[in-house]
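Got the viewer open? Let's take a walk through this one, a selection at a time.

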Amino acid sequence: MYYKMRAKKVKIDLRPKIKIQIDSRTMITVRSMDAFKAWKERYPEALIVE
């Protein structure tokens, strides 16, 4: 007896991507302004780049 494997559902994330420049050479991407606020506490010079 053979069993068929199910195909994985593709999850689409519709939240906006926010690019942040932490210092002169480090860029990160976050998905919410709450995450940006957390990074801003650690790195006060962080900027939003779009």
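Start by selecting Gln21 and Leu47: glutamine 21 stands opposite leucine 47, which sits in strand E3. This is a predicted model, so keep that in mind as you click around. Now widen the selection to residues 47-49, which make up E3. E1 and E3 pair in the antiparallel sense, and three bridges hold that pairing.

Next, bring in E2, residues 27-30. E1 and E2 also run antiparallel, joined by four bridges. To see one position in that pairing, pick lysine 19: its bridge partner in E2 is threonine 29. Follow the chain from E1 to E2 and you pass through a hairpin of five residues.

Stay on E1 and show its side chains. Which residues are on the covered face, and which on the uncovered one? Ile18 and Ile20 are on the covered face, while Lys19 and Gln21 are on the uncovered face. That fits a general pattern: in a regular strand, side chains alternate between the two faces of the sheet.

Now for the inside. Select Ile18, Ile20, Ile22, Ile28, Val30, Phe36 and Ala46, and you have the largest nonpolar core, made of seven residues. E1 and E2 each supply at least two residues of this core. In soluble globular proteins, nonpolar side chains tend to be buried together.

Zoom in on isoleucine 22, a member of that core. What does isoleucine 22 touch, once residues up to four places away in sequence are left out? The list is Ile28, Trp39, Tyr43, Glu45 and Ala46.

From Ala46, step back to proline 44, which is in the loop between helix H1 (33-42) and E3. Proline 44 counts as exposed because its relative accessibility is 55%, and the cut-off for exposed is over 50%. Draw a distance from its C-alpha to that of aspartate 23: the two are 21 residues apart along the chain, and the gap reads 9.9 Å.

Over to arginine 31, in the loop between E2 and H1. Is arginine 31 exposed or only partly exposed? Partly exposed, with a relative accessible area of 27%. Beyond its neighbours within four places in sequence, arginine 31 is in contact with Asp13, Arg15, Pro16 and Lys17. Try the C-alpha distance to lysine 17 as well: 5.0 Å, for residues 14 apart along the chain.

Keep arginine 31 selected and add Asp13 and Arg15. These residues are linked in a network of salt bridges, and the count of salt bridges comes to two. One joins aspartate 13 to arginine 15, with the closest N and O atoms 2.9 Å apart. The other joins aspartate 13 to arginine 31, where the closest N and O atoms are 3.5 Å apart. Aspartate 13 is in the segment before E1 and arginine 31 is in the loop between E2 and H1, so this pair ties together parts that are 18 residues apart in sequence. Aspartate 13 is partly exposed at 37% relative accessibility, and arginine 15 is partly exposed at 47%.

Last stop: select Val10, Ile12 and Leu14. They form a nonpolar patch on the surface, with about 420 Å² of accessible area together. Valine 10 lies in the segment before E1 (18-21), and valine 10 counts as exposed because its relative accessible area is 74%.

How values were computed
Residues numbered from 1 in each chain as written. Predicted model: local features only at pLDDT ≥ 70, side-chain atom pairs only at ≥ 80, totals over all residues. Heavy atoms only, no water. Patch = residues over 30% accessible without salt bridge, like charges linked within 9 Å, V, L, I, M, F, W, Y side chains within 5 Å. Areas by Shrake-Rupley, 256 points an atom, 1.4 Å probe, with all protein chains shown as cover. Salt bridge = Lys/Arg side-chain N within 4 Å of Asp/Glu carboxyl O. Buried < 20%, exposed > 50% of the residue type's maximum accessible area, 1.4 Å probe, protein only. Core = buried A, V, L, I, M, F, W, Y, C linked by side-chain atoms within 4.5 Å. Contact = heavy atoms within 4.5 Å. Pairing = 2+ DSSP bridges.
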